[in-house]
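Here's a walk through some strands, hairpins and helix contacts, with the structure alongside for you to follow.

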Amino acid sequence: MVTCVDIRVLNLRCGEAYNGHIVKQRKEYAKVSAYHIYEHGIVRVKVPVPFPLRWVNGYILHDDEGYVIIDPGLHTESSIQAWGMVWEELQIAPQQINKIILTHHHPDHYGLAGWMQQRTGSEVYMSRTGHGLAQRMWSLHSGEWMTDALCRMFAAHGLPQDKQEKMREHLRSFYPLVSPHPEVRYLEEGEEWQAGSLHFQTISVSGHADQHLVFIDQERKLMFCGDHVLPRITPNISYLPDEDADPLHAYLTDLDKLASYDVQIVFPGHRDPFTNLQARAEELRRHHVKRLQKMIDLVQSPANVYDVCLAMFGEGLSIHQLRFAMSETLAHLVYLRRRGYVHMDETGLPYRFIKIRDYRTE
Ligand SMILES: [Zn+2]
């Protein structure tokens, strides 16, 4: 059971206390409202995102001299409003926020960090690799290189011309949502940090995002896991140009690494905190095994990635969903190819995959 103190602050009556402050009013913000307060004063803020995910979880932790924020969200007006309302309601002055910590470089976690740094004057921490990737994907200059490389890769794997154009526009539309970029300091595997009574060890995992950081308080058995493990939804595994050559392998390896920790409550990047880390990790592993088996079936006759992607995920995908679906399909086919289950025919464009043998779990 998730222990939830003062659960659903929106249901608190006026006059109840948070952190010594009296909640004076109840507020809601557009569509996905709410924040929740958990044991040790951990506040989970549902920061809206304009994607099917609906919200990303930002967290507020008490520090001796102020507050720490984990993952501020995407740079949109509604994110800014959401934080403004929560700060106001919990009587947190922006200047009291002295650390912003990012689990990984994806726009829905990283995008608002620069704005929040300017607003609060706080330090921003993330992994060195994550910082490099954020710069490469989402800065106007090198972002264009990445957009180009991604669209060229998708084209070689069968993405039709009209969808390539839409994809290009779609990727460019992210630049303002991740601007300004923050000045960052680096936090790496093994480093420890404190937020009030909570004492965290930093763990680095890859597969969903390279050098994605996870924070664990072993004594209190709680973990902030970002997007590496999510309840109810499956974290996306993307094969991207010039990045991890086998991201699904990295993902599954690091899933085992996280599942080896004894924790009672996990605070994820999306959806609700959950308790059953080992069982959820096992479900995710089984999901990928099934997906690998299905993909082999889909390349009994030669097929390109776009064809497999549509057969796997359906035809009605938005361009946003199509980007993730193409990269996810590639991640699985690359995994199978590296282990000799499928062959990639590169003699003509688009490249085509073909089954060599059935998939067996290793
Ligand atoms: Zn992510």
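Five strands line up as an open sheet here, in the order β10-β11-β12-β13-β14, and the pairing is mixed. At the edges sit β10 (192-195) and β14 (265-268), each of which pairs on one side only. If you ignore direction, neighbouring strands of this sheet are turned by 25 degrees against each other on average. Keep in mind that this is a predicted model.

Inside that sheet, take a look at β12 (residues 212-217) and β13 (residues 222-226). The two run antiparallel and are joined by 3 bridges. To find the register, look for F215, which stands opposite F224 in β13.

Several other strand pairs can be read the same way. Here they are side by side.

| Strand pair | Sense | Bridges |
|---|---|---|
| β3 (residues 35-38) and β4 (residues 42-48) | antiparallel | 4 bridges |
| β5 (residues 55-62) and β6 | antiparallel | 4 bridges |
| β6 and β7 (residues 97-101) | parallel | 4 bridges |
| β15 (residues 342-345) and β16 (residues 352-355) | antiparallel | 4 bridges |

Now for the hairpins. β3 and β4 make one with 3 residues between the strands, and in it H40 takes a positive phi near 65 degrees. Across this pair, Y35 faces V45 in β4 as its opposite number. Further along the chain, β15 and β16 form a hairpin too, with 6 residues between them. There, D345 stands opposite R352 in β16.

The third hairpin is the one made by β5 and β6, with 4 residues between the strands. Its cross-strand partners include I60, which sits opposite I69 in β6.

β6 deserves a bit more of your time. Which way do its side chains point? From β6 (residues 67-70), Y67 and I69 go one way while V68 and I70 go the other, and all of them are buried. In a regular strand, side chains alternate between the two faces of the sheet. Besides its antiparallel link to β5, β6 pairs with β7 in the parallel sense. In that second pairing, Y67 stands opposite I97 in β7. To get from β6 to β7 the chain passes through helix α1 (residues 77-89), and this β-α-β crossover is right-handed.

On to a pair of helices. Two packed helices are described by the angle between their axes and the distance between the axes. For α4 (residues 128-138) and α5 (residues 140-156), the axes come within 4 Å and cross at roughly 80 degrees. Angles of 65 to 115 degrees count as roughly perpendicular, so α4 is roughly perpendicular to α5. On the α4 side the contact involves Q135, R136, M137 and W138, which meet S142, G143 and M146 in α5. By type, the residues of this contact divide into 3 nonpolar, 3 polar and 1 charged.

One residue from that contact is worth zooming in on: S142, in helix α5. Leaving aside residues up to four places away in sequence, S142 touches Q135 and R136. Is S142 buried or exposed? Neither, quite: S142 counts as partly exposed because it has 13 C-beta neighbours inside 10 Å. For a sense of scale, try drawing a line from S142 to D217. They are 75 residues apart along the chain, and their C-alpha atoms are separated by 37 Å.

Notes:
Residues numbered from 1 in each chain as written. Predicted model: local features only at pLDDT ≥ 70, side-chain atom pairs only at ≥ 80, totals over all residues. Axes fitted to C-alpha atoms, helices over the stretch in contact; angles between N-to-C directions. Parallel < 35°, antiparallel > 145°, perpendicular 65-115°, else oblique. Contact = placed C-beta atoms within 7 Å. Nonpolar A, V, L, I, M, F, W, Y, C, P; charged D, E, K, R; others polar. Buried ≥ 20, exposed ≤ 12 C-beta atoms within 10 Å, placed from the backbone. Pairing = 2+ DSSP bridges. Right-handed = clockwise from strand over helix to strand, strands pointing away.
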